[in-house]
Amino acid sequence: AVASIDGASDAAADFVVQDAVAAAETLAASTAPRLPQLSKMRKADLVAECVERGLNSAGLKVPELRVALRAARAAAKEARPPPDA
């Protein structure tokens, strides 16, 4: 009978830990700084972000800048370590 009580409390503790981890991940995702939408940015802002990211923006038009930044943002997002690492 003692083993089942310990097993039940272990399962409850695991559930509490999993719930806390999920809540922390949700909070981290909701408080992460959001980047401005590329479609709402002016050319000067697009060029500035390209410079910050080390991208060549010379001679690019607004649609081309958006494509380059969209790819750079996606690559940066994939390169980030998982929240639990």
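## A buried arginine and its bridge

R73 is buried, with a relative accessible area of 15%. That value falls below the 20% cut-off, so R73 counts as buried despite some remaining accessible area. This is a predicted model.

R73 and E49 meet through their side chains in a salt bridge, 2.9 Å from N to O. R73 belongs to helix α3 (residues 62-79) and E49 to helix α2 (residues 43-52), so the pair ties together parts that are 24 residues apart in sequence. E49, R53 and R73 are joined into one network by salt bridges that share partners.

## E49 in the network

E49 is found in helix α2. E49 is buried, with a relative accessible area of 7%. Its side chain makes a polar contact with the side chain of R73 at 2.9 Å. A polar contact also links the side chains of E49 and R53, again at 2.9 Å.

The E49–R53 pair is itself a salt bridge, with its closest N and O atoms 2.9 Å apart. R53 is partly exposed, at 29% relative accessibility. Leaving out residues up to four places away in sequence, E49 touches M41, L69 and R73.

## The remaining salt bridge

How many salt bridges does a search of the whole structure find? The search finds 3. Besides the two that involve E49, there is one between the side chains of D45 and R42, at 3.3 Å from N to O.

D45 is partly exposed, with a relative accessible area of 31%. R42 is exposed, at 56%. The cut-off for exposed is over 50%, so R42 passes it.

## Two sides of α2

Which residues of α2 are buried? They are L46, E49 and C50. Seen down the axis of α2, the buried residues fall within an arc of 105 degrees, so they line one face of the helix. An α-helix has 3.6 residues a turn, so residues three or four places apart point the same way.

The buried residues of α2 pack against α3. On the other side of α2, V51 and E52 are exposed.

## The nonpolar core

The largest nonpolar core has 6 residues: L38, M41, L46, C50, L65 and L69. Helices α2 and α3 are the elements that give two or more residues to this core. In soluble globular proteins, nonpolar side chains tend to be buried together.

M41 is a core residue with charged neighbours too. Neighbours within four places in sequence aside, M41 is in contact with P36, L46, E49, R66 and R73. E49 and R73 are also the partners in the α2–α3 salt bridge. L69, another core residue, is touched by E49.

## After α2

Just after α2, G54 takes a positive phi of about 75 degrees. Further along, S57 lies in the loop between α2 and α3.

Is S57 buried or exposed? S57 is buried, with a relative accessible area of 16%. Not counting residues up to four places away in sequence, S57 touches V47, C50 and L65. C50 and L65 are both members of the largest nonpolar core.

Definitions and conventions
Residues numbered from 1 in each chain as written. Predicted model: local features only at pLDDT ≥ 70, side-chain atom pairs only at ≥ 80, totals over all residues. Heavy atoms only, no water. Salt bridge = Lys/Arg side-chain N within 4 Å of Asp/Glu carboxyl O. Buried < 20%, exposed > 50% of the residue type's maximum accessible area, 1.4 Å probe, protein only. Helix = DSSP H or I, 4+ residues; strand = E, 2+ residues; numbered from the N terminus. Core = buried A, V, L, I, M, F, W, Y, C linked by side-chain atoms within 4.5 Å. Contact = heavy atoms within 4.5 Å. Arc of directions from axis to C-beta. Polar contact = N/O pair within 3.5 Å; in protein donor to acceptor, adjacent residues only side chain to side chain.
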